[in-house]
Amino acid sequence: MPAERLTRTEPAPRAGIVHLGLGAFFRAHGAIYIAEAVAASGGDWGITGVSLQSPGTRDALAPQGWAYTAVEQSPEGEKTRIVNVLSDVLVAPENPNAVLSAMADSAVKIVTLTVTEKGYCHNPATGALNPDHPDIVHDLSHDLPRSAPGYLVRALERRRAAGEAPFTVLSCDNLPHNGALVRGVVLDLARRIDTSLADWIEKEGRFPASMVDRIVPATSAEDIARIAALTGRHDAAPVMHEPFRQWVIEDDFIAGARPDLGAVGVQMVADVIPFEHMKLRMLNGTHSALAYLGYLAGHETIAETMADPVFAAYVQRLWSDEIIPALTPPEGTDLHDYAKALAARYANPGIRHRTWQIAMDGSQKLPQRILGTLAENIASGRASPGLIAAIAGWMIYVGGKGLGGAPIEVKDPMAGDLRAIVDAHEGEGAARALLAVDAIFPQDLAAAIEADVAEAYTALRRDGVRDVLARLG
Ligand code: CS2
């Protein structure tokens, strides 16, 4: 007999938060912390989730009263819990006005975001708003927006017109200085619409930075079937996650209005930057390196890649010789212990985190994950052959063909342009031409790494990934 559908068992808390970008990551990370904070200390901190693109999550969760299953996957097995903290789910393209109304509601004190790197419509190399982004061009001339910055600006405009305070904007994306970055794009867009609105946001608004961490692989059809068998309830959109979690937030909220996150293990601090740097470079940087090179070597998941001794040695080398020497640790953190914990998290066989999933959107990820470390290593005269190999791996990947010639489905907002560059050049000429893309590579850095990247590109294509990595020693 098919399992009965999961349904809500407790009433949703009243919404005090609107979340833009209701993907699996937020449902497995921020939403769980917020649910725990409400359980611990109370407050009207229900979440109105907004999907900026497709109705899939709303359609799956609606018959469940927005309740869903979160599945913790450890080497010992799986543990499930039901998360009841969503009060509503909206699909922005279907009804942008409903999203703006939700954000303008004075009961809403915080707008959180996980819209991924590309959702900020910025130039990845500089962090500034890209005014030529098609969604930004649209949002400049329409009251009903398409982009995340557009929603923030138009909702703040409504609050100001109603004489309300702004909401706090809390970015939960893997971007450096994510608070300052989202503040920058919002102010830039607002200024192009109405300078007095920009002045008001600049004065009254708050954009705390945050560092988020939990490995959340995409949910598969097999996961859905297995969880129904395990729990006896069919959930059309459960989320999978590792046991580990971390959230570090700059404690700068308008009127101090926020859930009691400190009570449930969130680190509320004055300066998030050292945590962000550590996580983006040590976790996300090696994740991307393992994703491109692991994919090209035929490994489907990160755990599989880590089980290959050549890759296990490679990632250790990245941490100890290339990444840690360029980092200032957050107070009280030992970076070598942090690396050890990461290696264990990556090797967790319970988590099926596909290299292909992490390889997505590399044009938006490389600057903060890898290029910053590389620039600092060059300035200090430190060699970075492992990071150079990762960049060369990305270049082969975005060319759209594996080392044996098999086609790769490349997902990246710049996929078409990058593919065209590779197709237009012979051999390492492609690597040199990709380095000239200044939306990704600062050109002084590109000049400094050009010869090494070109050589690594040729070596990977000639000898294969494992040989090249084994030679790094
Ligand atoms: C990953 C991240 O997909 C990716 O690019 O590197 O989603 C990573 O799993 C999380 O940042 C972990 O906190």
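This is a chat about the fold, the cysteines and two helical spots of a predicted model.

Student: What's the secondary structure count for the chain?

Tutor: This predicted model has 20 helices and 13 strands.

Student: And how compact is the chain?

Tutor: It's as compact as a globular protein of that length, because the radius of gyration is 22 Å and the globule rule gives 23 Å for 473 residues. Along the principal axes, the C-alpha atoms fill a box of roughly 60 × 60 × 45 Å.

Student: What share of the residues is buried?

Tutor: Of the 473 residues, 54% count as buried.

Student: How about contacts, what share joins residues at least 24 apart?

Tutor: If you take contacts between residues at least 6 apart in sequence, 76% of them join residues at least 24 apart.

Student: OK, the surface. How much area does the chain expose, and what do carbon and sulfur supply?

Tutor: About 18400 Å² is exposed, and carbon and sulfur atoms supply 51% of that.

Student: How many charged side chains of each sign, and how far apart are the centres of the two sets?

Tutor: There are 42 positive and 58 negative side chains. The centres of the two sets lie 3 Å apart.

Student: Switching topic: how many disulfides?

Tutor: The count comes to zero. Take C121: the nearest cysteine sulfur belongs to C172 and is 17 Å away, while a disulfide needs the two sulfurs within 2.5 Å. Seen from C172, the nearest cysteine sulfur is that of C121, again at 17 Å.

Student: Are C121 and C172 buried or exposed?

Tutor: C121 is buried, at a relative accessible area of 3%. C172 counts as buried too, with 4% relative accessibility.

Student: Now R281. Where does R281 sit?

Tutor: R281 is in helix α10, which covers residues 273-296.

Student: Buried or exposed?

Tutor: R281 is buried, since its relative accessible area is 5% and the cut-off for buried is under 20%.

Student: What is R281 in contact with, leaving aside neighbours within four places in sequence?

Tutor: The contacts of R281 are T286, I323, A326, L327, Q368, R369, G372, T373 and E376.

Student: Last one, helix α4. Which residues of α4 are buried?

Tutor: Helix α4 runs over residues 96-104, and its buried residues are P96, V99, L100, A102, M103 and A104.

Student: And what covers the buried residues of α4?

Tutor: The cover includes the strands β2 (15-20), β3 (46-51), β6 (86-91) and β7 (110-113), along with helix α6 (148-161).

Conventions. Residues are numbered from 1 along each chain as its sequence is written. This is a predicted model: local features need pLDDT of at least 70, side-chain atom pairs count only at pLDDT 80 or more; totals for chains, interfaces and linings use all residues. Side-chain values use heavy atoms; hydrogens and water are left out. Helices (H or I, at least four residues) and strands (E, at least two) are DSSP runs, numbered from the N terminus. The radius of gyration is taken over C-alpha atoms; the globule rule is 2.2 Å times the number of residues to the power 0.38. Buried means under 20% relative accessible area, exposed over 50%, partly exposed in between (1.4 Å probe, protein chains only). Contact means heavy atoms within 4.5 Å. Accessible areas come from the Shrake-Rupley method with a 1.4 Å probe; for residues, only the protein chains shown count as cover. Lys and Arg count as positive and Asp and Glu as negative; His and the chain ends are not counted. The place of a charge is taken as NZ of Lys, CZ of Arg, CG of Asp or CD of Glu.
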